[in-house]
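Trainee: I have not met this structure before, and I would like to learn how to read it step by step. Could we begin with the overall make-up and then turn to one sheet?

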Amino acid sequence: MDFDAVVIGAGPAGLMAAEELARAGHSVLVAEAKPSVARKLLMAGKSGLNLTKDESFDQLIFNYGEAKGWLAPMIQDFDAQAVQDWARGLGVDLFTGSTGRVFPKVMKASPLVRAWLERLSELGVQRRTGWFWRGWNGADLQFDTAEGPQAVTAKVIVLALGGASWARLGSDGTWAPVLAEQGVQLAPFKPANAGLVVEWSDHMASQFGAPIKGVALKAGDLTSRGEAVISERGLEGGGIYSICAAVRDGAPLTLDLLPDLSEAEVARRLSRPRGKASLSNYLRKVLKLDPARIALLQEFGRPLPQDARELSRVIKVLPVKHAGLRPMDEAISTAGGVTRTALDDGLMLQAMPGVFCAGEMLNWEAPTGGYLLTGCLATGRWAGQAAVRFLGNA
C-alpha cells in the first residue's frame with residue numbers, strides 16, 4: 001500500500017495532522033493500534049470534555065512550563081479561540097464555565113469525535129484500527145494486524161503515538177526503543193498530572209471522598225487554587241495535578257488552608273477564648289474550617305502548637321507528608337519523550353527527514369484544565385502543516 005502520508009496514532013494530535021494533510025489534497029492513512037480511535041479522548045470526555053481554557057495567549061502559554069518557549073508559535077497559531085472555532089465548525093455547541101474552562105454543552109466527547117471522523121472520511125482519509133506499528137523495514141512501515149503483517153510506504157510520516165501513561169488506552173511508550181535505534185534523542189518518561197500517594201492515619205477514613213475546597217497548594221515555583229479530593233490512596237484532582245511536576249522533581253508541598261486570610265488575621269481570630277469547645281469546634285467556629293480541612297490539619301500538623309501565632313503559621317504553611325506520585329501508568333499524562341533538539345522547527349526529526357512527531361510523545365507537559373488537549377491539537381496541526389510543506393518541496 002502506498003500513501004502520500006501515514007499518520008500513526010489516532011488521538012487528537014494524529015487526527016489533526018491527518019486533517020491538515022487531507023485538506024491539502026494528499027492521500028492519508030491513519031493507523032491505530034487499538035480497536036477504535038481516540039480512546040483516551042473519549043475516556044477524558046466521560047466526565048466532561050475540557051477542550052481548552054478561555055484566556056489570553058500570555059496566560060495560556062505560561063502553563064506549558066519549560067517548553068513554553070518552543071511551543072509558543074504552535075499554540076499562538078491554534079490558541080484557545082481557535083480551538084473553540086474548530087469545535088464549533090464540527091457542529092459542537094460549547095459553553096465556558098466560571099473558571100474559563102470550555103466544554104461541549106453535551107459534556108462528553110463522543111459527538112465531537114463522530115463529527116470529526118465524518119469530516120476526515122469526507123476528506124478521503126482512510127483509517128485502520130488494530131494496526132500495531134513495529135518500525136521500519138527499509139523504507140516500508142511495518143504493522144502487525146489481525147490479518148497478518150502489513151507493509152506500507154509513504155512520502156511523509158506523522159508519529160502521534162502518545163506518552164507512557166494509560167497503556168490500556170494506547171499510550172504505552174513502546175515506540176521509544178524504535179526511535180532510539182534510529183538515533184532520535186529521547187528524554188526519560190515521567191508521570192505528569194498524577195495524584196499523590198499518602199499513607200493516611202486511621203482517623204482519615206471518614207474523609208475519603210471528601211472534596212478539599214478553598215485552599216492553596218504550593219510546590220517550588222508552582223501554586224494552585226484548584227480543588228482536590230481526599231481518596232483512600234492519597235490526594236487526587238486538578239489542584240494536585242497542576243503542581244505535581246514540582247513535587248515530582250523534589251520540591252516540598254505545602255497547603256494553605258485559608259489563602260484568603262493573612263497569617264496575622266488567622267492569629268488574631270485564634271486569640272479568641274476557646275472555653276470548653278473541642279479543638280475541631282473551635283476551629284470551625286473562629287476560622288470556618290470544614291471537617292476536611294480540619295482533618296488535614298490534624299493529619300499533617302500534629303502535634304499542633306498551642307500558641308495562636310505558631311498555630312496560624314501551621315495553618316498557612318501546612319507541610320504535606322506524602323510518598324510521591326502515583327505510578328506512571330495511572331498518571332493522566334507524561335513528561336519526557338522526543339526532545340526539542342531532536343526536531344526542526346516543523347517538528348520533523350533531524351535524524352529522519354520526512355518523519356514528524358506531535359502530541360504527548362514530545363517532551364512537554366501541561367496541567368489538565370484544557371491545556372493538555374490544546375497542546376496536542378496545536379502540535380498535531382503544526383506537524384501536519386509542516387508535512388504538507390515537505391510534500392510540496394519533495
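Mentor: Let us begin with the elements, bearing in mind that this is a predicted model: the secondary structure of the chain comes to 14 helices and 20 strands.

Trainee: What does the C-alpha trace of the chain span along its principal axes?

Mentor: Such spans give the extent of the backbone in three directions, and here they are about 80 × 40 × 35 Å. The accessible surface of this chain comes to about 17,300 Å², and carbon and sulfur atoms hold 50% of that area.

Trainee: What percentage of the 394 residues in the chain is buried?

Mentor: A residue counts as buried when its relative accessible area is under 20%, and in this chain 54% of the 394 residues are buried. Contacts add to that picture: of those with a separation of 6 or more, 70% are between residues 24 or more positions apart.

Trainee: Where are the mean positions of the positive and negative charges relative to each other?

Mentor: The chain has 42 positive and 41 negative charges, and their mean positions are 9 Å apart.

Trainee: Now for the sheet: which order do the three strands of the open sheet have?

Mentor: The order is β3-β5-β4, and the pairing is antiparallel. Because β3 (52-53) and β4 (94-96) each have a single partner strand, they stand at the edges, and one side of each is left without a neighbour in the sheet.

Trainee: How many bridges join β3 and β5?

Mentor: Two bridges link β3 to β5 (residues 101-104) in the antiparallel sense, and R101 in β5 is the bridge partner of K53.

Key. Residues are numbered from 1 along each chain as its sequence is written. This is a predicted model: local features need pLDDT of at least 70, side-chain atom pairs count only at pLDDT 80 or more; totals for chains, interfaces and linings use all residues. Side-chain values use heavy atoms; hydrogens and water are left out. Two strands pair if DSSP finds at least two bridges between them. Helices (H or I, at least four residues) and strands (E, at least two) are DSSP runs, numbered from the N terminus. Buried means under 20% relative accessible area, exposed over 50%, partly exposed in between (1.4 Å probe, protein chains only). Contact means heavy atoms within 4.5 Å. Accessible areas come from the Shrake-Rupley method with a 1.4 Å probe; for residues, only the protein chains shown count as cover. Lys and Arg count as positive and Asp and Glu as negative; His and the chain ends are not counted. The place of a charge is taken as NZ of Lys, CZ of Arg, CG of Asp or CD of Glu.
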